[in-house]
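Trainee: I would like to go through this structure and ask why its parts are described as they are.
Mentor: Go ahead.

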Amino acid sequence: WSDILPAQKGIKFVPPKLVMFDGATQSACGTAQSAMGPFYCPADRKIYLDTSFFNDMKRRFGGGGDFAYAYVIAHEMGHHIENQLGILSKVHAAQQQATSQAQANALSVKLELMADCLAGVWAANADQKWNILEKGDVEKAVATAQAIGDDRLQQAANRRVVPDSFTHGSASQRTQWLKIGLQSGQINSCNTFSK
């Protein structure tokens, strides 16, 4: 991102801090618990990685492998990039003005899909620079994106699929936006708010 953000947006990249935890820890956004999985807190500009989540990826979500793990971390970094671009604060303000929970959730989905796309942008640029992707890597990341789609998680919990309750997007949406970022390598291709 230290190359991508200045080149594509004219903004200096300020790296976030990384906090690894197992169980629970405190963040400026409240208590971080294992059940939450990895997340980004804009209030302290830190990425919180629950180490047990990566075991769950292998066991419960059928994901795993270096690039699948990198995708999850890159997704959280995507939220940091959204924060640096001023998008997070605008969306959070719009969510406060939302007239329904479904409307607020729809804004959340757009943020999450953008972060998936930005993860793809990072991967495309990293692969171009360092040739990091190996055979099967993209498929593993796609499998992970599909497994953590809201529809799949609701089905796995034996619940009815309720699109208005989605906060991260469906399996197909998450896969689509990850692939858009991977194919383009461009931040501007990730504007989920215009679609």
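Trainee: What makes the crossing of α3 and α5 left-handed or right-handed?
Mentor: A crossing is right-handed if the near helix is turned clockwise from the far one by less than a right angle, and left-handed if anticlockwise. In this predicted model, where local features need pLDDT of at least 70, side-chain atom pairs count only at pLDDT 80 or more, and totals for chains, interfaces and linings use all residues, α3 passes α5 in a right-handed crossing. Residues are numbered from 1 along each chain as its sequence is written, and side-chain values use heavy atoms, without hydrogens and water.

Trainee: At what angle do α3 and α5 pack?
Mentor: The angle is about 115 degrees, and the axes are 7 Å apart. Axes are lines fitted to C-alpha atoms over the stretch in contact, and angles run from 0 to 180 degrees between N-to-C directions. Contact means heavy atoms within 4.5 Å. The residues of α3 in this contact include Phe-67 and Tyr-71, and those of α5 include Leu-118 and Trp-122.

Trainee: Why are the buried residues of α2 said to be on the same side?
Mentor: Buried means under 20% relative accessible area, exposed over 50%, with a 1.4 Å probe and protein chains only. Phe-53, Phe-54, Asp-56 and Met-57 are buried in α2. They cover an arc of only 155 degrees around the axis, so they lie on the same side of α2. The arc is taken from the directions from the helix axis to the C-beta atoms. Lys-58 and Arg-59, on the other side of α2, are exposed.

Trainee: What do the buried residues of α2 pack against?
Mentor: They pack against β5, α3 and α6. Helices (H or I, at least four residues) and strands (E, at least two) are DSSP runs, numbered from the N terminus.
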